[in-house]
Structure formats: structure tokens, C-alpha cells
Amino acid sequence: MITRKSPEQIALMRRAGKVVAEMHEECTRAAKPGATTADVDAVARDVIDRRGARSNFLNYHGFPAVVCTSPNNVIVHGIPSDDVVLEDGDILSIDCGAIIEGWHADAAVTVPIGDVDDESKRLIEVTRASLEAAIDHVVEGQRLGDVGAAVEGVATGAGFTVVREYVGHGIGTAMHEEPQVPNYGPPGRGLKLKEGLVLAIEPMVNAGGPETEVLADGWAVVTRDGRRSAHFEHTIAVTDHGPEVLTVPW
């Protein structure tokens, strides 16, 4: 069932979103050469505790951490570990969420670790730009196909590919609600967006082919060809004054 949120409910999601934005800021500072992905998770846990929020990732279907840390060819759902040490030249996707008074927010960012190569820099920038293009279409009267087409157009126009098996989603009193939000598709098709709809849009863009595999841990999704992937996400509300990104800093 697709639900539309009231201004009061969106205000609670905005509070959760600000916690997520703070988690990203702190985790980005922690993600440096020599740190482990478990170190990044520990920083996120501290923010959650300080802000009186709850994690919507921890124990979700058994997931053991507060953030997904996905380096290099890991697209999404990487499990933080003391054994994964970040090195100069890596890239890292940091995906996390928070709950305030039962209302969720969810966002992801991909960051460079130290000095990265030009292709990785471009992959990060194009993926960010694809999300920004999609956000421009989160307005009343547009359709879900317009959102996905915007992501796909930016990514493929730059010579990259879009992951098709994993998509964005509605969000509210649960982290994953209807509708699904693909990062591809023809414009002018699909659900018509209305005020009060809140979406988590999350482009996953690969430097190589779009094919994916799931590792033996049952969580981490990697590129089949071993090339790098970037991931950006925001929680966005359709409002009477246009798209409002809820996962932004205090």
C-alpha cells in the first residue's frame, strides 16, 4: 500500500533525516586510510546514541551493523568488519538510516579514501549527479518513470551502467515501503507523484557492466566483473513547494 504523509509526519522524518546526515558527516571523516569499516560503524553508532535515535539497519533481517560499508566493487550491503582495512585509493559507500518516534530516514554516500584514480572520481561525481537529476523530478504530477529515466540518462550518458536488481523505495513508518523506485525506465510512465509521498531514491552506478552477484555472507552485493560501483541516496518528500530532501545536516 502506498501512503502519503502529513506535514507533521514529514517533520518527524526530517528529524530522522538530520541524524542520518550527521552519521554521514562523522563516518566520512572516519573513513581514511588505515581505518577499518568496523571503525566507521562504531562512529555511526555513537551518533545514533547521542541523538536518541534508533538504527533501522541493525538486526534488519539479521543485518549485524548500523551502517552498510561497501568498498570498491561492493555495490551495497557490505558488512562492517575489523578485517576490512581501508587503503589509499579505495572508494567506500556508506549507507545508513535512523528512526525518530517511529519514522524512518535512509541515505547513502560514496566517498574517496585518500587519493583515488580519475575514473573513480568521475564515477562518484556522475552517480551523485544522477541522484540530483532524479530529485528534480520529485514534484507533484511527475511519474516514477521520470525519476528513473533521469538517473539512467545521466549514468549511461557518461558511459557507466545502472544496477537493475536493486532499487529505491517508499519510506515512512517502515524503511521499505511501496512503491519501488527503479533507477531506469521510460519517462512518462508509472505512478503519478502526489504531495505527501516520500521516496528513498538510490542510484547504484557501475564503472563496468550492470551484472551483480551476492557474496557467501548472504549480504554483500558485488559487481560481477569486479569493477567499481558508487551509490548515493536521499530521502525526499513531494511537497507543495517542490522536492524536499530530508536527509540533510542540522
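Begin by selecting the open sheet of 5 strands, whose order is β7-β6-β8-β13-β14 with antiparallel pairing, and keep in mind throughout the tour that this is a predicted model. At its edges stand β7 (177-181) and β14 (242-245), each of which pairs on one side only. Looking from one strand to the next, you will find a twist that averages 30°.

Next, select residues 198-201 and 234-239, which are strands β8 and β13; these run antiparallel and are joined by 4 bridges. To pick out one partnership here, show Val198, whose bridge partner in β13 is Ala237. Then add helix α4 (residues 144-157), which packs on the sheet and touches β7 and β8, with its direction making about 45° with that of β7.

Leave the sheet now and turn to the aromatic rings, among which the structure holds 1 aromatic pair. Select Phe63 and Trp219, which form this pair in an edge-to-face arrangement, with 5.0 Å centre to centre and 75° between the planes. Phe63 belongs to the loop between α2 (37-50) and β1 (67-71), and Trp219 to the loop between β10 (212-214) and β11 (221-223), so the pair ties together parts that are 156 residues apart in sequence. While Phe63 is still selected, is this residue buried or exposed? Phe63 has a relative accessible area of 2%, and because buried means under 20%, Phe63 counts as buried.

For the last stop, select Arg164 together with Tyr184: Arg164 lies over the face of Tyr184, at 3.8 Å from the ring centre.

Methods
Residues are numbered from 1 along each chain as its sequence is written. This is a predicted model: local features need pLDDT of at least 70, side-chain atom pairs count only at pLDDT 80 or more; totals for chains, interfaces and linings use all residues. Side-chain values use heavy atoms; hydrogens and water are left out. Two strands pair if DSSP finds at least two bridges between them. Helices (H or I, at least four residues) and strands (E, at least two) are DSSP runs, numbered from the N terminus. Axes are lines fitted to C-alpha atoms, for helices over the stretch in contact, and angles run from 0 to 180 degrees between N-to-C directions. Contact means heavy atoms within 4.5 Å. Rings of Phe, Tyr and Trp (its six-membered ring) pair if their centres lie within 6.5 Å; planes under 30 degrees apart count as stacked, over 60 as edge-to-face and the rest as tilted. Buried means under 20% relative accessible area, exposed over 50%, partly exposed in between (1.4 Å probe, protein chains only). A charge sits over a ring if NZ of Lys or CZ of Arg is within 6 Å of the ring centre and within 35 degrees of the ring normal.
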